[in-house]
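Here are a few notes to read alongside the structure, meant for someone who is opening it fresh. Have it on screen and go through them in order.

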Amino acid sequence: MKKSCFLALLLFLFGLKASAQTSSAVIEKKIEVLLKKMTLKEKIGQMNQLSADDMETNFKVIQQGMAGSVLSITNPEIANKAQRLAVEQTRLGIPLIFGRDVIHGFKTIFPIPLGQAASFNPGLVEKAARVAAVEASETGIRWTFAPMIDIARDPRWGRIAESCGEDPYLTSIMGIAMVNGFQGKNLSDPSSIAGCAKHFAGYGAAEGGRDYNTTAITERQFRNVYLVPFEQVVKKANLATIMTAFNANDGIPSSGNEFLLKEVLRKEWNFRGFVVSDWASINEMVDHGFSSDNKEAAEKAINAGVDMEMVSGTYVEYAESLWKEKKIAIETINDAVRNILRIKYSLGLFENPYVKGNTKEVFYKEEHLKIAEKLAEESIVLLKNEGQILPLQKPKTIAVFGPLANAPHDQMGTWVFDGDKDHTVTPLFALKEKYGENITIIYEPILKYSRDQDSTGFDKARKIAKEADVVLLFLGEESILSGEAHSLSDLNFQGLQSKLLETLQKTKTPLVTIIMAGRPLTIEKEVTQSNAVLYAWHPGTMGGPAIINLLFGIVNPSGKLPITFPKNVGQIPMYYGHLKTGRPANGSELNLNNIPIEASQTSLGNKSYYLDSGNEPLFPFGFGLSYTNFEYREIALSKTILKKDDILEITLSLKNTGNYQGTEIVQLYARDLAASVALPIRELKAFQRIDLKAGEEKRVMFKLPISDLAFYGMDMKKKVEAGKFDLWIGSNSISGEKVSFEVK
Ligand code: BGC
């Protein structure tokens, strides 16, 4: 670059930074001016969020200045009416902020977040979140309650669908991408919506995977695992808001957890946005047995640092008397209001409070659907492909069965309030549309929905399958079986789905099973019985064409599992980044059926594993096949002895040795061999998507700052500890060549 260009760039960047600082300084001034004019009641009003259930009552509350936000208005006229009351009929005219759960799309529905994470493509995930923001903001929504970045390691938990899976690093990368997409380049752009990272914190660790259940996370686990994505989105994505969680950790409900909200979030991370409670999670502190009544709950939540209360109304009812009784300080209230106003100013709500809401053209736009299709393609994971049965080679007759082949509602997945099933393109529809003229397609659902127990159609299925060249069987879960409050204790296929699969397998016609689900299901037997398996999660509006493109090889699968698939529920919790134990199994242990009769108590070796199912998962984190093969060669380190502020360069050669163009997600894992506390056996530290033509070879380089190996050790301070490290580069969490280095 020429010197003059470089100088111009520097000046430009400096200018940008300076103008950002000025605008934030201007906002701070405005906040203080406004705050001085506000009465205590008006301040408490800002801290209150109403639900849109009863708008007639809400209108009155808003007019009295007793609401700062309403959630779930999706009609722009109603939004404008409410806003007019706030802006034009209250003393200070402070605008409302309208929130909504826009989780994986507003109208155009993208794959569930767990599916999005399987793409390992943050750029595309960001684009999807941008589309969601553009569509949602059109109705006046300027705040979404997403992303959910709870680390989720238990597939019984229905909300695993809404998570990015088990890994703190992958979840951080996806969380940042989603926040950037929602919030856009500038929050004040009318198409930007404030993000809300949730649920702070530890909600995904519910005991037994039962939603809302208690958690028991230690401070070190919080800091090394559960809080990592939250810290990252606060520090790297300029996150606007955070939502407290429902769970009580070690007996302390999140909405009353001063340590998390004050010490960590505000003091350590310097979070400048506002904190909202989850739905009624403040008065639920009474149900937890943490507060004797709603008044005490309000006191604890305000003092803990929950700035805005979602729907339970205890602040409006009790905050003033709590202040009079000196149980809460005016500065605490002032800080909460400052945080809320800061986001309202940043969103430009004071200048542009109303929504035009005159156009539906942005919904389901062609370019939105294209992003949805691409993301669905990249999220789907090929789990098995026996004898390279896929991609399909010009079949003449295809038999299509199963409850998910043509399920426009269920295909969208959980948390879809606004997407319209009439816009969903199902696999059956896409298959007929793309190949209907040249291929005979025979469709019979046989089971009408995933829990269906009616086997009447099985004979018919058998007959049709026998005549076909290939069977496409679409199994899975209805969307209602995952998501909030929808936990399961049995993760086998519901209804007669397994029986149907078995019936079809017996016909010997090649069987491709496509699974749409909100979580990992326990599918060991069904994988064995199928010739090929595609795991499609709930893939959203454009899931149909995406699946068909993969089946026919128009697109080569590249998705990788963001979560470990256990063989059975008894193995849960099962995640790749576990600690080793003092007696790790080495895989050569005897299983239940091989134990000699009357074997002596210690003859099995006393190792840490299940006698009946070992300790290998069905599929490990990071796993996913392609129609081609990739060979990893010449892995080399720039140095093997490093200092704590060094950057380690890792190079390798990646070759596509198969016949199809493909994308490999190259994963880098590290392990600290001995430290002041025991650490996970592997941790994902980086990944790259590498596109290769058939036969092509590329050099790949990772730059790993040694500081990325820092963790909270014995003294609960984050740092790198000197010692030996192993590192793997490979295609999933249990593969890869090991190389070693030392940090001095
Ligand atoms: C959920 C949140 C959601 C909120 C508002 C709660 O029940 O836990 O994730 O954002 O409702 O709908």
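The points below go through the ligand site, some helix contacts and two sheets.

1. A word on the source before anything else: what you are looking at is a predicted model. Please keep that in mind with every distance and angle quoted here.

2. Start at the ligand. There are 13 residues around it, and the ones that come nearest are Asp101, Arg159, Lys198, His199 and Asp278. For two of these I can give you a distance to an oxygen atom of the ligand: a polar side-chain atom of Asp278 sits 2.5 Å from one, and a polar side-chain atom of Arg159 lies 2.7 Å from one. Glu484 also brings a polar side-chain atom to 2.8 Å from a ligand oxygen.

3. Next, find helix α6, residues 122–137, and look at how it meets helix α7, residues 168–183. Their axes come within 7 Å and cross at roughly 35 degrees, and the crossing is right-handed. On the α6 side, the residues in contact are Pro122, Val125, Glu126, Ala129, Arg130, Ala132 and Ala133. They meet Ile173, Met174, Ala177, Met178, Asn180, Gly181, Phe182 and Gln183 of α7. What kinds of residue make up this contact of α6 with α7? Ten are nonpolar, three are polar and two are charged.

4. Stay with α6, since it also passes helix α15, residues 366–379. Here the axes come within 10 Å and cross at roughly 145 degrees, this time in a left-handed crossing. From α6 the contact takes in Leu124, Val125, Lys127, Ala128, Val131, Val134 and Glu135, while α15 supplies His368, Ile371, Lys374, Leu375 and Glu378. The breakdown for α6 with α15 is seven nonpolar residues, one polar and four charged. Val125 is worth clicking on: it is listed in the contact with α7 and again in the one with α15.

5. Now a single residue, Ser346, which you'll find in helix α14 (residues 330–346). A polar atom of the Ser346 side chain lies 2.6 Å from the backbone oxygen of Arg342. What does Ser346 touch, leaving aside its neighbours within four places in sequence? The contacts are Ile27, Leu187 and Ser188.

6. On to the sheets. One is an open, parallel sheet of three strands, in the order β5-β6-β9. Its edges are β5 (196–200) and β9 (274–276), each pairing on one side only. On average, neighbouring strands are turned by 25 degrees against each other, direction ignored. Three bridges link β6 (residues 241–244) to β9, and Ile242 has Val275 of β9 as its bridge partner. Helix α9, residues 228–236, lies across β5 and β6 and runs at about 155 degrees to β5.

7. The other sheet also has three strands and is open, but its pairing is antiparallel, with the order β17-β19-β22. Which strands form the edges? They are β17 (630–637) and β22 (697–705), and each of them pairs on one side only. The average turn between neighbouring strands is 25 degrees here, direction ignored. Strand β19, residues 647–656, is joined to β22 by nine bridges. To see one of the pairings for yourself, pick Lys655, whose bridge partner in β22 is Glu697.

Terms used:
Residues are numbered from 1 along each chain as its sequence is written. This is a predicted model: local features need pLDDT of at least 70, side-chain atom pairs count only at pLDDT 80 or more; totals for chains, interfaces and linings use all residues. Side-chain values use heavy atoms; hydrogens and water are left out. Two strands pair if DSSP finds at least two bridges between them. Helices (H or I, at least four residues) and strands (E, at least two) are DSSP runs, numbered from the N terminus. Axes are lines fitted to C-alpha atoms, for helices over the stretch in contact, and angles run from 0 to 180 degrees between N-to-C directions. A crossing is left-handed if the near helix is turned anticlockwise from the far one by less than a right angle, and right-handed if clockwise. Contact means heavy atoms within 4.5 Å. Ala, Val, Leu, Ile, Met, Phe, Trp, Tyr, Cys and Pro count as nonpolar, Asp, Glu, Lys and Arg as charged, and the others, Gly among them, as polar. A residue is near a molecule or strand if one of its heavy atoms lies within 4 Å of it. A polar contact is a pair of N or O atoms within 3.5 Å; within protein, one must be able to donate a hydrogen and the other to accept it, and residues adjacent in sequence count only if both atoms are side-chain atoms.
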